[in-house]
Amino acid sequence: MAVSNKGLILKEYPKGLPNADKHFELVPRTIDIKNLNLGENEIVVRNIYLSLDPYVRFTLREPEPEYVSVDTLLEKRVSIGQVIIGVGVSEVVKTNNPNFKVGDLVYGPVGWEEYSHIKSDFAAIFSPINKESLKDIPLSYYASLLRMGGLTPYASLNDDAFCLDKKFWKAFES
């Protein structure tokens with residue numbers, strides 16, 4: 001049984017600010033989750049929230065001729081015709097990984113698509129979301145405030161190792 005798996009595809013490498021119509025395309029696709037054979041430690045997730053972090057722009061740059069591809073989330077470049085990559089909050093819908101069961105909520109690297117098939121090397125990066133904490137915290141916070149999108153600015157403003165001159169920031173306090 002195939003289900004919808006629309007995905008945001010890179011049409012052209014942006015030079016300067018990306019333009020939605022010129023550089024991206026929402027492509028209708030399908031995925032047959034039931035009949036998908038998972039390799040060892042692989043999972044399939046339904047993406048609920050995607051985070052739009054600044055590093056995503058880095059992944060949309062055209063590789064330089066001398067560029068050596070590195071297969072880590074922050075170094076991986078998106079090729080023309082591929083789904084944009086990022087991090088997000090997802091629900092496990094199929095698993096061949098002892099660390100996850102169907103219904104688990106997780107945070108990790110996913111495609112900007114409805115469902116993502118996560119290979120074993122990236123499945124190890126996923127972290128579970130404690131469902132007990134959801135009664136007090138909106139799930140969307142796990143894709144923003146409680147992760148990279150919120151912790152990076154928090155650390156830069158509050159940790160002396162990262163912080164600009166404290167006197168500068170006093171000017172913005174009310």
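**Cores, sheet and loop contacts**

The largest nonpolar core brings together 20 residues, and those with the most contacts inside it are Leu-10, Leu-60, Val-78, Ile-84, Val-89, Ile-129 and Leu-139; such a core is a set of buried Ala, Val, Leu, Ile, Met, Phe, Trp, Tyr and Cys residues joined through side-chain atoms within 4.5 Å. The model is predicted, with local features needing pLDDT of at least 70 and side-chain atom pairs counting only at pLDDT 80 or more, while totals for chains, interfaces and linings use all residues. Residues are numbered from 1 along each chain as its sequence is written, and side-chain values use heavy atoms, with hydrogens and water left out.

Several elements feed this core: strand S2 (7–10), helix H2 (55–59), S6 and S7 each supply at least two of its residues, and S6 gives the most, with 3 residues. Helices (H or I, at least four residues) and strands (E, at least two) are DSSP runs, numbered from the N terminus. Another core lies apart from this one and has 10 residues, among them Ile-43, Val-45, Val-106 and Ala-123. Returning to the largest core, one may follow Leu-139, which touches Ile-48, Tyr-49, Val-89, Leu-105, Ile-129 and Leu-134 when residues up to four places away in sequence are not counted; a contact means heavy atoms within 4.5 Å.

Over the whole chain, the secondary structure comes to 5 helices and 9 strands, and from the N terminus on the elements run β-β-α-β-β-β-α-β-β-β-α-β-α-α. Of the contacts between residues at least 6 apart in sequence, 60% join residues at least 24 apart. Buried residues make up 34% of the 174 residues in the chain, where buried means under 20% relative accessible area, exposed over 50%, and partly exposed in between (1.4 Å probe, protein chains only).

An open sheet of 5 strands is arranged in the order S8-S5-S6-S7-S9, and its pairing is antiparallel; two strands pair if DSSP finds at least two bridges between them. S8 and strand S9 (127–128) are the edge strands, each of them pairing on one side only. At the S8 edge, strand S5 (residues 43–51) pairs with S8 in the antiparallel sense over 4 bridges, and Val-44 stands opposite His-117 in S8.

The loop between S7 and S8 holds Glu-113, which counts as buried because its relative accessibility is 14%. Leaving aside residues up to four places away in sequence, Glu-113 touches Asn-5, Lys-6, Gly-7, Arg-29, Asn-47 and Val-83. Its C-alpha atom is separated by 9.8 Å from that of Pro-28, although Glu-113 and Pro-28 are 85 residues apart along the chain. Pro-28 is found in the loop between strand S3 (24–27) and strand S4 (30–31), and, in contrast to the buried Glu-113, Pro-28 has a relative accessible area of 67% and is therefore exposed.

A further pair joins distant parts of the sequence: Asp-121 and Glu-42 are 79 residues apart in sequence, yet 8.4 Å apart in space, C-alpha to C-alpha. Asp-121 lies in helix H3 and counts as partly exposed, because its relative accessibility is 46%.
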